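Where does a ligand sit in a protein, and what surrounds it? Take a look at the model before reading on.

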Amino acid sequence: MRVAMIGTGYVGLVSGACFADFGHVVTCVDKDQVKIDRLHQNIMPIYEPGLDDLVASNVKDGRLFFATDGSEAIRHADAVFIAVGTPSRRGDGHADLSYVYAAAEEIADLIEGFTVIVTKSTVPVGTGDEIERIIRARRPDADFAVVSNPEFLREGAAIDDFKRPDRVVVGTDSERARLVMSELYRPLNLNETPVVFTGRRTSELIKYAANAFLAMKITFINEMADLCEAVGADVQQVAKGIGLDNRIGSKFLHAGPGYGGSCFPKDTLALVRTATDFGSPVRLIETTVAVNDARKKAMAERVSQALDHDLQGKTIAVLGLTFKPNTDDMRDAPSLDVVPALLAKGATVKAFDPEGMKEAAQLLPDIIYCDGPYQAVEQADAVVILTEWDQFRALDLDRIKALLQQPVMVDLRNIYKPAALEAKGFRYVSIGRPASA
Ligand code: NAD
């Protein structure tokens, strides 16, 4: 099949490359000339494990193309995917749909023959109806169907998630569109991937419900962590004890500094907005948003507490800046709350992140970027682990201790064991675990 992917960001590029790998002919379109020029040289705009090889092999085999002008690709496409950004609208938290609607207008002017227009971007309920209205208004003659097909990939494991998803959700009432979508995803039949066909509005809501539930689960365990600290219990054991219950499940029960990233913060906010607009408020999610915001802000206080509430003139080494490992994505990362709060308390921040420093430098210009964890720690008064990159899991703790001015570690991801760190003479602060647990 022939696919045009409008928007070559995280989702567009990964989905486009994977569809090409399934055997379809895909053109990834983006307005960003620099991005497209670099992709022509096989330089990836994002850090995602395995993506450069996947792109290179499909380009070489003549199935994957990049363009700034999508006209040709859209004209000949069986399916045109919209994978542009839907950030939070400044001020009110609504999803900003201007990129989606602009893409719909561009597509309307170009489609020929029966074309399925697929919304891969995360969009509020009713957006598909509006896309259909826009296209119909510009092209009363056009033969098309608008389908919702939300994406569930996780950054850092995006290719595997796309190729081996838990499920594919397709929202459409059109039988012809259903056949096109089934053909696009046919390679997944090998793994017996469930494809859930629903109405379009239901599909749009499934994406928000999924992200809101996961954000709520993280926030739940974070609050349990606070309670564990108050009562002298261990949140990791609580998580294990409840997670083994199949009704609960063990995933997304890792206490930490609060969720961030390109999806949960904006999607929870957008769901709250939609629900309010429809007169059916989602109070659990409203609370999740508020608790998580407060948590991210409170994390700097933990660091301050570990240094007896005096950060003035102190140097803090921060390990990890991205919102999670294996990505260079800095969108809504907890570091964007924690680092400025440390600076505001008078500290100097030295930081290292394996992949995120280029992105981070634009958002956090007032810190010292280092070449590795040991350089960051040198002469610092405390080290803070903010992202659980693998390379931070087995640090040479004797070396870290020798390099620090004071042996203080604030581990906001619980990657070390309190007893082990205390045995080495560290003052060790983690999340939801009693000292020497
Ligand atoms: P992104 O910001 O990385 O990419 C969007 C791209 O679209 C940009 O490169 C931009 O230049 C391009 N663009 C915008 N308007 C365009 C137009 N008219 N024509 C061509 N290109 C255009 O965004 P992303 O992270 O890939 O997210 C895209 C959507 O997918 C969002 O709705 C997001 O919520 C959703 N999503 C993201 C993830 C994720 O992990 N990043 C996961 C699931 C769903």
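The paragraphs below go from the ligand to a pocket and then to a cavity.

Keep in mind that this is a predicted model. Begin with the ligand. Domain 1 (2-198) and domain 2 (235-429) both give residues to the shell around the ligand, so the ligand lies between these domains. The shell holds 25 residues. Among them, Val11, Asp30, Lys35, Thr86 and Lys266 come nearest. Two helices each supply at least two residues of this shell: H1, which spans 10-21, and H5, which spans 98-108. What is the chemical make-up of the shell by class? Nine residues are nonpolar, seven are polar and nine are charged.

Now look at single contacts. Three side chains place a polar atom by an oxygen atom of the ligand. For threonine 86, an N or O atom of the side chain is 2.5 Å from a ligand oxygen. For lysine 35, the corresponding distance is 2.6 Å. Arginine 331 has a polar side-chain atom 2.9 Å from an oxygen atom of the ligand. How much of the ligand does the protein cover? On its own, the ligand has 840 Å² of accessible area, and the protein covers 88% of that.

Leave the ligand and turn to the second largest pocket. Its volume is about 290 Å³. The lining of this pocket counts 14 residues. Phe213, Met216, Lys217, Thr219 and Phe220 lie nearest the pocket centre. Helix H9 (200-231) and helix H12 (283-306) are the elements that give two or more residues to this lining. H9 gives the largest share, with six residues. By class, the pocket lining divides into eight nonpolar, three polar and three charged residues.

Last comes the enclosed space. The model has one cavity of 30 Å³ or more. The largest cavity has a volume of about 40 Å³. Which residues line the largest cavity? They are Thr119, Ser121, Thr122, Val123, Ser148, Pro150, Ser203, Glu204 and Lys207. Five of these lining residues are polar, two are nonpolar and two are charged. Helix H9 appears here too: the largest share of the cavity lining, three residues, comes from H9.

To trace H9 in the view, start from its span, 200-231. H9 gives six residues to the lining of the second largest pocket, and three to the lining of the largest cavity.

Definitions and conventions:
Residues are numbered from 1 along each chain as its sequence is written. This is a predicted model: local features need pLDDT of at least 70, side-chain atom pairs count only at pLDDT 80 or more; totals for chains, interfaces and linings use all residues. Side-chain values use heavy atoms; hydrogens and water are left out. A residue is near a molecule or strand if one of its heavy atoms lies within 4 Å of it. A polar contact is a pair of N or O atoms within 3.5 Å; within protein, one must be able to donate a hydrogen and the other to accept it, and residues adjacent in sequence count only if both atoms are side-chain atoms. Accessible areas come from the Shrake-Rupley method with a 1.4 Å probe; for residues, only the protein chains shown count as cover. Helices (H or I, at least four residues) and strands (E, at least two) are DSSP runs, numbered from the N terminus. Ala, Val, Leu, Ile, Met, Phe, Trp, Tyr, Cys and Pro count as nonpolar, Asp, Glu, Lys and Arg as charged, and the others, Gly among them, as polar. Domain bounds come from an automatic or database domain assignment. On a 1 Å grid over the protein atoms alone, a cavity is a set of points where a 1.4 Å probe fits but cannot get out, and a pocket is an open set with protein on both sides within 12 Å along at least five of seven lines; lining residues have an atom within 4 Å of a point. Grid points are joined across faces, edges and corners, and a volume is the space filled by probe spheres set on the points.
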